[in-house]
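Student: Please give me a close look at a single part of this structure, beginning with a loop and its backbone geometry. I should like the answer to proceed outward from there as one connected account.

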Amino acid sequence: MKYFTIAQITDLHVGRAINFPSGEVKLFDQLVKTVKHINNSDHSIDLVAVTGDLVNHGHLDDYNKVKRELDKLKCPYIIVVGNHDQRQTLRQIFHEHNYLSGNGEFIQYTIEDKPVRIIALDTLEPGTHYGLICEKRLNWLDEKLQEQPGKPTLILMHHPPFETGMPYPDNLGMRGKKEFGALIARNNQIVAIASGHTHRDSVIGWKGTVVYITPSSAFSYSLEFNEVDDLDPLQEPPAYRIFRWDPAIGLVSHLDYIGNYEFGLSEGVPKPPEN
Ligand SMILES: [Fe+2]
Ligand SMILES: [Fe+2]
């Protein structure tokens with residue numbers, strides 16, 4: 001296999017409906033569009049990673065709807081737990097996804113048979129919106145990283161492990177950043193960390209790797225650097241991220257927008273301006 005292509009979709013929040021001045025948007029409809037977009041793309045996607053907040057309120061019928069839709073994907077998919085998710089319900093609904101029950105309390109697992117090794121982490125702290133990597137989860141990660149120190153590795157986690165500079169999402173961010181960061185810094189096989197949760201695109205060079213926050217495939221929040229009590233949902237173009245592994249280049253990330261956008265006419269090959 002020359003290329004290996006992973007699509008990351010995140011923060012589906014099915015079960016929520018948002019009123020915009022132009023009308024109501026049901027987030028289940030956004031998931032339908034996302035699945036269609038990925039299935040119709042010609043990007044040769046090998047695997048879809050769904051990095052948390054699959055539903056908004058934890059309702060069983062919403063999880064069932066999400067599963068029915070994700071099962072329409074033409075390629076396999078994996079699930080990472082988010083702060084709006086419930087571990088037991090994920091295990092129950094996605095019962096044929098054996099990796100969800102593999103490691104006791106937490107939903108942490110590795111995918112080994114791909115050109116890029118994938119390690120999925122569980123940052124859920126039930127009953128809160130902030131995230132946590134506790135000692136137990138960190139020790140598990142340490143063990144897994146030591147197993148294959150030379151293999152290019154992508155870490156998937158719902159909560160970003162760094163401060164974004166936006167106070168609202170940072171207050172709902174992950175606890176245990178310092179210890180986690182020290183472990184990441186000791187492992188130079190980590191080619192990227194992919195997260196979600198803030199519903200905005202952010203990227204940082206951090207602890208010797210690159211950490212991405214991928215925007216929601218359903219709705220965004222505004223870019224807000226001030227302290228605010230609440231954030232209103234924003235109707236920007238929904239997006240997802242593609243990670244394309246080319247052994248000759250490395251892991252390149254591409255943001256792709258979900259929906260149909262118009263092409264303009266090309267000017268042809270650009271020529272230098274005349275003096
Ligand atoms: Fe979310
Ligand atoms: Fe979240």
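**From a loop residue outward**

Tutor: Asp11 is found in the loop between strand E1 (4-9) and strand E2. The model is a predicted one, and every value below is to be read in that light. Although Asp11 is not a glycine, its phi is positive, at about 55°. Most residues other than glycine have a negative phi. Asp11 also counts as buried, because 26 C-beta neighbours lie inside 10 Å and the cut-off for burial is 20 or more.

Beyond this loop the chain enters E2 (residues 17-20), which is joined by four bridges to strand E3 (residues 23-26). The two strands run antiparallel and form a hairpin with two residues between them. One of the pairings can be located directly: Ala17 has Lys26 of E3 as its bridge partner.

A positive phi also occurs in another loop. Lys207, a residue other than glycine, has a phi near 55°, and Lys207 is found between E12 and E13. Lys207 counts as buried, because 21 C-beta neighbours lie inside 10 Å. The strands on either side of this loop, E12 and E13 (residues 209-213), pair in the antiparallel sense over five bridges. Among the residues involved, Ser202 is matched with Ile213 of E13.

E12 and E13 in turn belong to an open sheet of six strands with mixed pairing, in the order E6-E7-E9-E11-E13-E12. Strand E6 (109-111) and strand E12 (202-206) stand at the edges; each has a single partner strand, so one side of each is left without a neighbour in the sheet. Neighbouring strands of this sheet are turned against each other by 20° on average, direction ignored.

The edge strand E6 leads to a further loop. Leu100 lies between helix H3 (87-93) and E6, and is buried because its C-beta neighbours inside 10 Å number 21. Leaving aside residues up to four places away in sequence, Leu100 touches Ile79, Leu90, Arg91, Phe94 and Ile107. By contrast with these contacts, the C-alpha atom of Leu100 is separated by 55 Å from that of Lys271, which is 171 residues apart from Leu100 along the chain.

The account now turns to the interior. In soluble globular proteins, nonpolar side chains tend to be buried together. Here the largest nonpolar core has 55 residues, and those with the most contacts inside it are Val80, Leu121, Leu154, Ile155 and Leu156. Leu121 shows some of these connections: its contacts, not counting residues up to four places away in sequence, include Ile155 and Leu156 as well as Ile133, Met157 and Leu141. Leu121 also touches Gln108 and Arg137.

Leu141 carries the description into a helix pair. Two packed helices are described by the angle between their axes and the distance between the axes. For helix H4 (residues 135-147) and helix H6 (residues 177-185), the angle is about 5° and the axes are 11 Å apart. An angle under 35 degrees counts as roughly parallel, and therefore H4 is roughly parallel to H6. H4 contributes Leu138, Leu141 and Asp142 to the contact, while H6 contributes Glu179, Phe180 and Leu183. By class, four of the contact residues are nonpolar, two are charged and none is polar. Leu141 thus appears both among the contacts of Leu121 and in the contact of H4 with H6.

How values were computed
Residues numbered from 1 in each chain as written. Chains lettered and ligands numbered in written order. Predicted model: local features only at pLDDT ≥ 70, side-chain atom pairs only at ≥ 80, totals over all residues. Axes fitted to C-alpha atoms, helices over the stretch in contact; angles between N-to-C directions. Parallel < 35°, antiparallel > 145°, perpendicular 65-115°, else oblique. Contact = placed C-beta atoms within 7 Å. Nonpolar A, V, L, I, M, F, W, Y, C, P; charged D, E, K, R; others polar. Pairing = 2+ DSSP bridges. Core = buried A, V, L, I, M, F, W, Y, C linked by C-beta atoms within 7 Å. Buried ≥ 20, exposed ≤ 12 C-beta atoms within 10 Å, placed from the backbone.
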